[in-house]
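This report describes the internal spaces, the aromatic contacts and selected residues of one protein chain. The sequence and the structure are shown first.

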Amino acid sequence: LVTQSASTALELIDSILEERKNSCGLYEWVLRKVDLLVKQNETEKAEATIRQYLYLPQIRQQEVEKLLSNRQFDEALCLLDEGMELALREDTFKSASSWMESKMKIYEMIGNIPAMIETCRQLFIYNNGSLEYYHKLKALIPAAQWRKFLLKMMGETAFRHYYDYVEAEIY
């Protein structure tokens, strides 16, 4: 690609993107295309390419990081919500959980306690009673409200791993 003209290189990358649209290294080609477009001062085309490939977790994560570095928290949260919806539609719970964890970090950065509690609650439930989120929730929720909150959340949680003693540790 280095010895090719920019337009030839872009055509080659586009054909590779089309051929390999279901391969795991696709995002690397997307990044190459975006980089080449930026070098050619084709910012709008670069941004359109990024939007086109936001379904790739690596591209979405890069955009979230860019938004965070510019302190655009609401926009980053929207991208994460879209990523979660996409992951849940595709039954890739691991990705959805990862996006939720990223949201949690943003809420911690901006000090949004109610959102931290809700996100932690969801992560606890979706992760079959993870003690990590149990301890975070216990630190966030006032002691007077803890028991009621815990009982409700435990009722919403499916403890699927018979070898996990999380439920016993909690009680």
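The largest pocket of this predicted model encloses about 200 Å³ of space. Its lining consists of Val-34, Val-38, Thr-43, Ala-46, Glu-47, Ile-50, Arg-51, Leu-54, Glu-63, Lys-66 and Leu-79. Three helices each contribute at least two of the lining residues, namely H2 (26-39), H3 (43-52) and H4 (57-69). Of the contributors to the pocket, H3 gives the most, with five residues. In chemical character, the pocket lining divides into six nonpolar residues, one polar residue and four charged residues.

Empty space of this kind has a simple operational meaning: rolling a probe the size of a water molecule over the atoms shows where it is left. Besides the open pocket, the structure contains one cavity of 30 Å³ or more. The volume of the largest cavity is about 30 Å³, and the residues around it are Leu-31, Val-34, Ile-50, Ile-59, Gln-62 and Glu-63. Two elements, H2 and H4, give two or more residues to this cavity lining. H4 has the largest share, with three residues. The cavity lining comprises four nonpolar residues, one polar residue and one charged residue. Val-34, Ile-50 and Glu-63 appear both in the lining of the largest pocket and in that of the largest cavity.

The next topic is the aromatic residues. How many aromatic pairs does the structure hold? There are three, and two of them are described here. Tyr-53 and Tyr-55 form a tilted pair, with 6.0 Å from centre to centre and 35 degrees between the planes. Within this pair, Tyr-53 is buried because its relative accessibility is 9%, under the 20% limit. Tyr-55, with a relative accessible area of 38%, is partly exposed.

The rings of Tyr-134 and Trp-146 have centres 5.5 Å apart and planes at 65 degrees; this angle is over 60 degrees, so the pair counts as edge-to-face. Tyr-134 belongs to helix H8 (residues 131-140) and Trp-146 to helix H9 (residues 143-156), so the contact ties together parts that are twelve residues apart in sequence. Both Tyr-134 and Trp-146 are buried. Ring pairs also join Phe-149 to these residues, and Tyr-134, Trp-146 and Phe-149 thus make up a cluster.

A further aromatic contact involves a charged side chain. Arg-32 lies over the face of Trp-29, at 4.2 Å from the ring centre.

Helix H9 can be examined for its length and its burial. H9 has 14 residues, and at 1.5 Å a residue the helix should span 20 Å; the C-alpha atoms at its ends are 20 Å apart, which agrees with that expectation. The buried residues of H9 are Trp-146, Leu-150, Met-153 and Met-154. An α-helix has 3.6 residues a turn, so residues three or four places apart point the same way. The buried positions in H9 can be read with this periodicity in mind.

Two residues stand out by their backbone conformation. Asn-41 has a phi near 60 degrees, a positive value in a residue other than glycine, and is found in the loop between H2 and H3. Arg-71 likewise has a positive phi, of about 60 degrees, although it is not a glycine; its place is the loop between H4 and helix H5 (73-89). Are these two residues buried or exposed? Both count as exposed because their relative accessibilities, 67% for Asn-41 and 60% for Arg-71, are over 50%.

Two contacts between residues far apart in sequence complete the description. Ala-9 is located in helix H1 (residues 6-19) and is buried, at 3% relative accessibility. Glu-101 is located in helix H6 (residues 93-110) and is partly exposed, with a relative accessible area of 32%. The table gives the C-alpha separations for both residues.

| Residue pair | Separation along the chain | C-alpha to C-alpha distance |
|---|---|---|
| Ala-9 and Leu-36 | 27 residues | 8.4 Å |
| Glu-101 and Leu-80 | 21 residues | 9.7 Å |

Key:
Residues numbered from 1 in each chain as written. Predicted model: local features only at pLDDT ≥ 70, side-chain atom pairs only at ≥ 80, totals over all residues. Heavy atoms only, no water. 1 Å grid on protein atoms, 1.4 Å probe; cavity = no way out; pocket = protein on both sides within 12 Å on 5 of 7 lines; lining within 4 Å. Points joined across faces, edges and corners; volume = space filled by probe spheres on them. Helix = DSSP H or I, 4+ residues; strand = E, 2+ residues; numbered from the N terminus. Nonpolar A, V, L, I, M, F, W, Y, C, P; charged D, E, K, R; others polar. Phe/Tyr/Trp six-rings, centres within 6.5 Å; stacked < 30°, edge-to-face > 60°. Buried < 20%, exposed > 50% of the residue type's maximum accessible area, 1.4 Å probe, protein only. Lys NZ or Arg CZ within 6 Å of the ring centre and 35° of its normal. Expected span 1.5 Å × (residues − 1).
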